[in-house]
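Open the model in your viewer and keep the selection box handy. We will go from stop to stop, with a note on what is there each time.

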Amino acid sequence: MTGTDQSSFLGRISIRRNQVNAMDGYHEQEIEDLELFQKQLSDRFAELLSAPDDAPTEAFLSISWIRKLLDVFLCCETECKAILLMERDAAPISKPPLDRMIPELLERVVKAMDICNAVTNGVELIRHCQKLAEIAVSALEQKPFGEGQARRAKKALVSLMSAMHVDDKESSVQKTAERSWSFGRRSGNKDRHHGQYRSLSWQVAKHWSASKQIHAMTMNLAAPRGPEASCLPAPVYILSLIIVFVMWVLIAAIPCQERSGLTTHLPINKHVNWTHSLAGIHDKIGEEWKKKEKKGMAGLLYEMQKMEKLGQSLIEFTDSYQFPGEREKLDEVAAQVAELAEVCRRMDEGLVPLQMLIREAFHRLVRNRTEFLDVLEQGAPVV
């Protein structure tokens, strides 16, 4: 969806806000808004699902693909909030079933913030792997190439494989990343519901579990039925589902602490048109995870998968290399080194923008929660 499309949708909501007193046909307008929103969601996820499996710059689960997914999430969050808080009136969201659904949504937001913290640390591990791969590439590109360069490359490649096969059950993801990356100040956003300060830093509790967070977020996540499917409960469900789904994808793609059982079923209602592509992405990632799940798997990020495959092949070459080497084999290795260098280049270009998008998602979640709490507090009865 283009920025123009979103501006048009938000403009439509703004116009309806200004016309809210003209109640004739008001509910029909709400239904039209919701249908348009769902169509736009369907188009966005259909585009993500159609990404090729092996096109380096646009591949499914590549860095650029994850960035597009986060863009979709940010658009969805903006539009859902526009629908739900159209009048900043607590009355509609303080009645059943929203009086139950909104607090559950806010709890999911808190857990999503924790996942953003963990994933930030995982991106640091990817950066660490990139540096090790760059050392190996530098050694393998040396001219003339001899046994000394082979030993240097092997040392970097062995360290790379070790970093990629961390045991995420023992917080090794956090230990392996060499430097801290923190978004925001310690005195930043306050979670008023729990009375704690939260900032996007890479520190994660030792026994924290990504898969348990996802499981908890799916509790009571059910699509509204009957008349509720065409009014305010629908966007609350949509936003909750998108938050859970995007966090699940991030955990699957990026190294993260304790992901056993990540293929847990997500409650996606496949009978709703807009969820077809969402379910397709979920099934595709789930199958890939089942095939590759193993102790210490770094994740399904396309660039990490390519790096692992190339790294293993190049280790075999450095293990058996004897000067001056066979010309045919050297040519084959040169092609692999060039491919690994290209993976490093894409990481170098894409990881910082990815980190910034994770940062934006985190702070958007904080603002989302704060705005809902503000509206709820305004409508709270005076004691």
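Here is the tour, starting with a helix and ending with some loops.

Before you click on anything, bear in mind that this is a predicted model.

**Stop 1: helix α12.** Select residues 327-378, which make up helix α12. Does its length fit what a helix of 52 residues should span? At 1.5 Å a residue the expected span is 76 Å, and the end C-alpha atoms are 76 Å apart, so the two agree. Now move along α12 to Gly350, where you will find a kink of about 35°. Show Pro353 as well: the kink comes shortly before this proline.

**Stop 2: a salt bridge on α12.** Stay on α12 and show the side chain of Arg364, together with that of Glu77. These two side chains form a salt bridge, with 3.0 Å from N to O. Which parts of the chain does the pair link? Glu77 belongs to helix α3 (residues 63-84) and Arg364 to helix α12, and 287 residues separate them. Side chains of opposite charge can pair when their charged atoms come close. Over the whole structure, a search finds 22 salt bridges.

**Stop 3: the largest pocket.** Next, select Asp53, Glu288, Lys292, Tyr302 and Gln305, the lining residues that lie nearest the centre of the largest pocket. In total, 15 residues line this pocket, and its space comes to about 410 Å³. Colour α10 (276-292) and α11 (302-320), the elements that each give two or more residues to the lining. The largest share, six residues, comes from α11. What is the lining made of, by class? Eight of its residues are charged, five are nonpolar and two are polar.

**Stop 4: residues 234-254.** Select this span, which the unreviewed UniProt entry lists as a "transmembrane region". In the model the span is 95% helix and 0% strand, and its end C-alpha atoms lie 30 Å apart.

**Stop 5: the loops.** Finish with some backbone details.

- Go to Pro96 and Pro97, where the peptide bond is cis with omega near 0°. Pro97 sits in the loop between α4 (90-93) and α5 (98-140).
- Then pick Phe323 and Pro324, which are joined by a cis peptide bond with omega about 5°. Pro324 is in the loop between α11 and α12.
- Last, zoom in on Leu61, in the loop between α2 (26-49) and α3. Its phi is near 70°, a positive value in a residue other than glycine.

Key
Residues are numbered from 1 along each chain as its sequence is written. This is a predicted model: local features need pLDDT of at least 70, side-chain atom pairs count only at pLDDT 80 or more; totals for chains, interfaces and linings use all residues. Side-chain values use heavy atoms; hydrogens and water are left out. UniProt positions are given in the numbering used here, feature names are shortened, and annotations may be inferred rather than shown by experiment. Helices (H or I, at least four residues) and strands (E, at least two) are DSSP runs, numbered from the N terminus. On a 1 Å grid over the protein atoms alone, a cavity is a set of points where a 1.4 Å probe fits but cannot get out, and a pocket is an open set with protein on both sides within 12 Å along at least five of seven lines; lining residues have an atom within 4 Å of a point. Grid points are joined across faces, edges and corners, and a volume is the space filled by probe spheres set on the points. Ala, Val, Leu, Ile, Met, Phe, Trp, Tyr, Cys and Pro count as nonpolar, Asp, Glu, Lys and Arg as charged, and the others, Gly among them, as polar. The expected span of a helix is 1.5 Å times one less than its number of residues. The bend at a residue is the angle between axes fitted to the seven residues ending there and the seven starting there. A salt bridge is a side-chain nitrogen of Lys or Arg within 4 Å of a carboxyl oxygen of Asp or Glu.
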